[in-house]
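Me: I would like a close look at a single part of this model. Keep the sentences short and give the cut-offs.

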Amino acid sequence: MSLTGNRFLLLPTPLPRASFVFKPPLSRIPLKRTSSSAVAGCRVLSLTQCNPIVSTRRRLVPVRAIDSDIPHPIKEYEEWDSWTAKFSGGANVPFLMLQLPQIILNAQNLLAGNNTALSAVPWLGMLTGLLGNLSLLSYFAKKREKEAAVVQTLGVISTYVVLVQLTMAGAMPVQYFVATSAVVTVGLVLNCLFYFGKLGTTVWGLWEDFITVGGLSVLPQIMWSTFVPLVPNSILPGTTAFVIAVAAVIMARTGKLSEEGVRFVGSLSGWTATLMFMWMPVSQMWTNFLNPDNIKGLSPITMVLAMMGNGLMIPRALFIRDLMWFTGSMWATLFYGYGNILCLYMLNCTSKSFFAAATIGLISWIGLALWRDATAYGHNSPFRSLKELVFGP
């Protein structure tokens, strides 16, 4: 049969009249878009060269298998997402091993009646670490980072156990312990309720204000106290920071700040907690500088565990582009863990093979994290990942 536009319809056998009314499923047979006249022709007569079933000028394109429909970078992304979460959760092991020997030793001294030995553990430093863990717990609970939140929760609980032992030995004042117990209990309950969606935004906002004021008050005081007696012993830094923090929170809640200012105040609790942990290696290295003989009391295994615990969280922080988390983890890995290993090696307190193994392991791990992250995001260079971390995508 001859059709318009030099088109022909070939019917091998006679068909019933109803067979000429053929409407192919549009969802499975794509129509070729050419000119407006061709489109109009397709609308009038379906059995044309625009229909791939009867056309002799087009062929069906092979359809790929379902598995091959997923681009390779997406598979890499999902796999590395899963692995980084596991690494972050695995940080619980070295961190728990850091605190467990101290807990066991304290229990042995308490049972032996040697309460004086527990006075060597600085309760103020332990309290600072606990407040830092509690602030970071709130930060990660808000971001729904389950593995990191579990790490901080175990940090709070293990440190609190040490403070209980110090209070039993009389090394920590009872009034400070009671106040700490109240804060820890309220903090753990509120974070748990918020994570599971059982807490209102008003109560959570008050808790965030509390840890913001507390963190900003404690951090400057710790920094100042590190350099005593080179500087006079004073509570002025902490008091000044407390007044500034309260004023900033009130201005943010009453709408006196811009939107950027409100976001800045909201991020202060996480950053102050991170800076607390970042200051710990600075304080340790300053102590090593003033009293080089004291470094002999450091255990190389303890420093390796600290390096491993913080290092395991680096890939996750880089993967989710969390600059604060990445900064704190990288700083603690390099300066607290590896930095003290370097000091031990320079003072002949550890073997050359131990130092070499720690160095090679650290460099390999950071290199692996950068390479796999770039692969997961489909970047040609790992420096692209670092650029996105600092400046955004």
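Is C349 buried, exposed or partly exposed? Please go on from there to the cysteines, the helix α13 and the nonpolar patch.

Reply: C349 is partly exposed, because its relative accessible area is 27%. Buried means under 20%, exposed over 50%, and partly exposed in between (1.4 Å probe, protein chains only). The model is predicted: local features need pLDDT of at least 70, side-chain atom pairs need 80 or more, and totals for chains, interfaces and linings use all residues. Residues are numbered from 1 along each chain as its sequence is written, and side-chain values use heavy atoms, without hydrogens and water.

A disulfide is a pair of cysteine sulfur atoms within 2.5 Å. The count of disulfides is zero. For C349, the nearest cysteine sulfur belongs to C343, 9.8 Å away. C192 is partly exposed, because its relative accessibility is 42%.

Now the helix. Helices are DSSP runs (H or I, at least four residues), numbered from the N terminus. α13 covers residues 352-377, 26 in number. From first C-alpha to last, α13 reaches 38 Å, close to the 38 Å expected. The expected span is 1.5 Å times one less than the number of residues. Its buried residues include F355, L362, I366, R372 and D373. Just after α13, G378 takes a positive phi of about 75 degrees.

Last, the tryptophan. W271 is found in helix α9. W271 counts as partly exposed, because its relative accessibility is 31%.

Notes:
Helix = DSSP H or I, 4+ residues; strand = E, 2+ residues; numbered from the N terminus.
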